[in-house]
Amino acid sequence: MSERIYLSPPHMSGLERKYVDEAFDTNWVAPLGPNVDGFEREFAARVGSPHAAALSSGTAALHLALILSDVGPGDEVIVSSLTFVASVNPITYVGAKPILVDSEERSWNLDPERIEEAIRDRMTKTGRLPKAVLAVHLYGQSADLDAIHAVCQRHGVTLVEDAAEALGTTYWGKDGGGGSSSADRAGSGGSVKSPGTIGRVGVFSFNGNKIITTSGGGMLVSSDEALIQRARKLATQARDPAPHYEHTEVGYNYRMSNILAGVGRGQLAVLDERVAARRENFAYYQEALGSLPGLMFQPDAGWGLHTRWLTCVLVDPTKFGATREQIRVRLEEHNIESRPLWKPMHLQPLFADAPMYGGAVADRLFELGLCLPSGSSLAAEDRERIAGLIREMARPA
Ligand SMILES: *Cc1c(COP(=O)(O)O)cnc(C)c1O
């Protein structure tokens, strides 16, 4: 049997070694050092945020983002139901309660109208506003940030962004002006933003399956310098300035290693190539499979650059002739990894008691959705083999 094809494996550039070697040569083998400083600086410049703190994981970054947004015991936080559990677990770490909200069809991300509905209903039921809205940007595409930001501003609720899957993604809004292609927009200047930089705090991840990786790691970004300084302090056991170890609040051990930050610098340098390769995978799949009955790709909402971190399809079994699970099993028989879309949090035993607003969209996406192998190192002949296997399963026209 041929070698396993993974959904989204790490893809090193070779540039990482220079930074890692430097760390060894200078003995900066610690959760601080020149690579950490350099990675923070280069990352902040890349996403267009004034300040960034490199951390041990995206989950740790989300935990700190909530603490820094003053979310605490008894508070409520609005979050997408359709997401990875790591978006929601940190809400429980701080003793707050997740309020789950459905996706919209256009991007599969948080539905701004449902957020409005949830905020009003929470006010009626609890007499208090939710403390924050945690917007997730799934599979390489931005949520409808202008609309979500507007709802948050109208009610004075803090916006936190989980951009773990959206490094390299952009957002220019529904009426950003200028041309319609990403190249045109990129040239049009100030209106093109990175998800993660519009809310008060944004979070990114460098887990092994993300568009770039440090094996494990995360980044917290904000335009508020004091907030990022506080994040660094909380991430190093909240040590107060003193010659001895002095502490006035609870801290964590969440900083990124200087070795891993070196990997991150080498990865960040090739981010544009990684985005291009993922988009090429998508273009290939779309070309090869787009005309099959009952098979639809994740829509491009048109309000930003979709990196196609993962190429996701919806399979309507009555039209296609097989279920998404049958496709997954068939690919698995050929040692090819594919995966259903995130199972929504309102369907998880862990969050069975969480209030849920809407749900029909996320339910359907989970029922029909499959993520195809999407790595930036995916070989053209492997892609063809995958598409061929799927095509064989389709109902003859
Ligand atoms: C990967 C991911 C995270 C968590 O990041 P880690 O670095 O793995 O802790 C959070 N949210 C989403 C949506 C993710 O995909």
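Start with the aromatic rings: ten aromatic pairs turn up in a search of the whole structure, which is a predicted model.

Select Phe-39 and Phe-206. Their ring centres are 5.1 Å apart and the planes make an angle of 50°, a tilted pair. Phe-39 belongs to helix H2, while Phe-206 sits in the loop between strand S6 (201-205) and strand S7 (218-222), so this pair ties together parts that are 167 residues apart in sequence. Are these two rings buried or exposed? Phe-39 has 0% relative accessibility and therefore counts as buried. Phe-206 also has 0% relative accessibility and counts as buried.

Keep Phe-206 selected and add Phe-43. Here the ring centres lie 5.6 Å apart with the planes at 85°, so the pair is edge-to-face. This pair, too, links distant parts of the chain: Phe-43 is in helix H2 and Phe-206 in the loop between S6 and S7, 163 residues apart. Phe-43 and Phe-206 are both buried. Now add Phe-204 to the selection: Phe-39, Phe-43, Phe-204 and Phe-206 make up one aromatic cluster.

Next, look at two arginines placed over rings. Select Arg-239 with Tyr-245: Arg-239 lies over the face of the Tyr-245 ring, 3.7 Å from its centre. Then select Arg-324 with Phe-366, where Arg-324 lies over the ring face at 5.2 Å from the centre.

Move to helix H10, residues 271-289. How far apart should the ends of these 19 residues be? At 1.5 Å a residue the helix should span 27 Å, and its end C-alpha atoms are 27 Å apart, which agrees. Colour the buried residues of H10: Leu-271, Arg-274, Val-275, Ala-277, Arg-278, Asn-281, Phe-282, Tyr-285, Ala-288 and Leu-289. Turn the view to look down the axis of H10; the buried residues fall within an arc of 165°, so they line one face of the helix. On the face turned away from that buried side are the exposed residues Asp-272, Glu-273 and Glu-287.

To see what covers the buried residues of H10, show the helices H2 (34-47), H9 (258-268) and H14 (380-393), which are among the covering elements. The cover also includes three strands, S10 (295-297), S11 (311-315) and S14 (369-372). Helix H2 is thus met again here, after its part in the aromatic pair of Phe-39 and Phe-206.

Select the strands next. S10, S11, S14 and S12 form, in that order, an open sheet of four strands with antiparallel pairing. Which strands are at the edges? They are S10 and strand S12 (339-340), each of which pairs on one side only. Zoom in on S10 and S11, which pair in the antiparallel sense over three bridges. To find one bridge, pick Leu-295, whose partner in S11 is Val-315.

Finish at Arg-328, in helix H12 (residues 324-333). Its relative accessibility is 22%, so Arg-328 counts as partly exposed. What does Arg-328 touch, leaving aside its neighbours within four places in sequence? Its contacts are Ser-338, Pro-340 and Leu-370. As a last step, mark the C-alpha atoms of Arg-328 and Ile-390: the two residues are 62 residues apart along the chain, and these atoms are separated by 9.4 Å.

Methods:
Residues are numbered from 1 along each chain as its sequence is written. This is a predicted model: local features need pLDDT of at least 70, side-chain atom pairs count only at pLDDT 80 or more; totals for chains, interfaces and linings use all residues. Side-chain values use heavy atoms; hydrogens and water are left out. Helices (H or I, at least four residues) and strands (E, at least two) are DSSP runs, numbered from the N terminus. The expected span of a helix is 1.5 Å times one less than its number of residues. Buried means under 20% relative accessible area, exposed over 50%, partly exposed in between (1.4 Å probe, protein chains only). The arc is that of the directions from the helix axis to the C-beta atoms. Contact means heavy atoms within 4.5 Å. Rings of Phe, Tyr and Trp (its six-membered ring) pair if their centres lie within 6.5 Å; planes under 30 degrees apart count as stacked, over 60 as edge-to-face and the rest as tilted. A charge sits over a ring if NZ of Lys or CZ of Arg is within 6 Å of the ring centre and within 35 degrees of the ring normal. Two strands pair if DSSP finds at least two bridges between them.
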